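Reader: I have a structure to read and would like to go through it step by step. Could we begin with the terms and then move to the parts?

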Amino acid sequence: MSRPARGPLVGLRIVEFVGLGPAPFAAMQFADMGADVIRIARPGAEAVPPDPICGRGRPTVDVDLKDPDDAEMVRRLIDEADALIEGFRPGVMERLGLGPEALIVRNPRLVYGRMTGWGQTGPLAPHAGHDINYIAISGALAAIGPAERPLPPLNLVGDFGGGSMFLVAGMLAALWSAQRTGEGQVVDCAICDGAIQLMAMMHDMAAAGWWQPGRASNLLDGAAPHYGAYECSDGAFIAVGPIEPQFFELFRKAIGLEEDAHALRADPRNWAALRERIAARIRTRPRAEWLALLEHSDACVSPVLDMKEAAEHPHLVARRSFVELDGLVQPAPAPRFSATPTEAHTRPATPLSIDEAVAAWTNRR
């Protein structure tokens, strides 16, 4: 509660009900940008998996929401808030007496952010699911992976891309509206909806006849020989992406491909043969040699790094894209602001009591 205020959202107050995955990640984004976020957790509950990174930058208050006195203190805290984030199944907050209808009556400007996989309505809304289920019905999972089977892209497309970041964007839009009108609203953020939004460009390509059904059949899904990963002689990989002809020409010359490579890449029927030729060339040298030759050029070649290696890459070191907090190397806040720079903070070691949290916000009105 005493951390220095920095970032474009300084002064914004958010109550977060501790959940899994996309909801705490969204709350982390708000905290990184300077919002004053307080986490409400069940007594003795521990995050699974532990979240010293996604849970950073905000204190936790242990509250028994089934205790009428504790629940009323939480309502008083929300009375002082600009926004709320919760990621439970539909109806859970209502059963606790903390649904949006009850709270917005008390605090008309409250923006109530709801993070679920299926959304607040629809036949699947009451049921359990995970990232893979939400992106499966969106059309995204079917397009990702080798031809033999779909491949889950971690939980980046669903939970965090289609979920957290759409919740942040939606809540910021609703907060802007509340600032102008004095009226809050519910932001129903469904991961399946967000994943569909992320597929917008692929829908554009399909509408133009540039997208073929089936995995590994298109420019960006692993089929094109000039857009993929190749193994070097030392077993490490490089990512190759010279889509434009002028960039491919730089790449072609550097690795010693014949000039007919341009004609081969222009016809998808020749992609498999060209991929083999490129792969054979890349296997002749270790990754460091290819990077010395290609990384600092427009050939669009980069190393495929693991998380530890990424934190040590010179470009990311120069940009300070990672920070170290309490001995943990972790992503730095993003994006960057020229006038209101952001800063990551560790979670306060000592939990607050609900009385302390309410008093702190009430005294700073």
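Author: Two strands pair if DSSP finds at least two bridges between them. Helices (H or I, at least four residues) and strands (E, at least two) are DSSP runs, numbered from the N terminus. This is a predicted model, in which local features need pLDDT of at least 70 and side-chain atom pairs count only at pLDDT 80 or more, while totals for chains, interfaces and linings use all residues. Residues are numbered from 1 along each chain as its sequence is written, and side-chain values use heavy atoms, with hydrogens and water left out.

Reader: How many bridges join strand E10 to strand E11?
Author: Strand E10 covers residues 322-325 and strand E11 covers residues 328-331. The two run antiparallel, and Leu325 has Leu328 as its bridge partner in E11. The number of bridges joining E10 to E11 is four.

Reader: Which residue in the hairpin of E10 and E11 takes a positive phi?
Author: The hairpin has two residues between the strands. The residue with a positive phi, near 50°, is Asp326.

Reader: What is the order of the strands in the open sheet of six?
Author: The pairing in this sheet is parallel. Strand E3 (60-62) and strand E6 (185-190) each have a single partner strand, so one side of each is left without a neighbour in the sheet. These two stand at the edges, and the order is E3-E2-E1-E4-E5-E6.

Reader: By what angle are neighbouring strands of that six-stranded sheet turned against each other on average?
Author: Axes are lines fitted to C-alpha atoms, for helices over the stretch in contact, and angles run from 0 to 180 degrees between N-to-C directions. For this average, direction is ignored. The value is 20°.

Reader: Which residue of E4 is the bridge partner of Val15?
Author: Strand E1 (residues 13-17) and strand E4 (residues 83-86) pair in the parallel sense over three bridges. The partner of Val15 in E4 is Leu84.

Reader: At what angle does helix H1 run to E2?
Author: Helix H1 (residues 22-32) lies across E1, strand E2 (36-41), E4 and strand E5 (111-116). Here contact means heavy atoms within 4.5 Å. Helix H6 (residues 156-181) lies across E4, E5 and E6, and runs at about 165° to E6. For H1 and E2 the angle is about 155°.

Reader: Are H1 and H6 parallel or oblique to each other?
Author: Their axes come within 9 Å and cross at roughly 45°. Angles under 35 degrees count as roughly parallel, over 145 as roughly antiparallel, 65 to 115 as roughly perpendicular and the rest as oblique. The crossing angle therefore makes H1, with respect to H6, oblique.

Reader: How many nonpolar residues are in the contact of H1 with H6?
Author: H1 contributes residues including Phe25 and Phe30, and H6 contributes residues including Phe160 and Met171. Ala, Val, Leu, Ile, Met, Phe, Trp, Tyr, Cys and Pro count as nonpolar, Asp, Glu, Lys and Arg as charged, and the others, Gly among them, as polar. The contact has two polar residues and one charged residue, and the nonpolar ones number 10.

Reader: Which residues of H12 make the contact with H9?
Author: The axes of helix H9 (residues 245-255) and helix H12 (residues 287-294) come within 11 Å and cross at roughly 130°, which makes H9 oblique to H12. By class, the contact has six nonpolar, no polar and no charged residues. From H9 come Phe251, Ala254 and Ile255, and from H12 come Trp290, Leu293 and Leu294.

Reader: How far apart in sequence are the parts tied together by Glu80 and Arg13?
Author: A salt bridge is a side-chain nitrogen of Lys or Arg within 4 Å of a carboxyl oxygen of Asp or Glu. A search of the whole structure finds 20 salt bridges, and Glu80 and Arg13 meet in one at 4.0 Å, N to O. Glu80 lies in the loop between helix H2 (68-79) and E4, and Arg13 lies in strand E1, so the pair ties together parts whose separation is 67 residues.

Reader: Which strands stand at the edges of the three-stranded open sheet?
Author: This sheet has the order E7-E8-E9 with antiparallel pairing. Each edge strand has a single partner strand, so one side of each is left without a neighbour, and the edges are E7 (228-231) and E9 (301-303).

Reader: Which residue is joined to Ala334 by a cis peptide bond?
Author: The omega of this bond is about 0°. The residue is found in the loop between E11 and helix H15 (354-363), and its name is Pro335.
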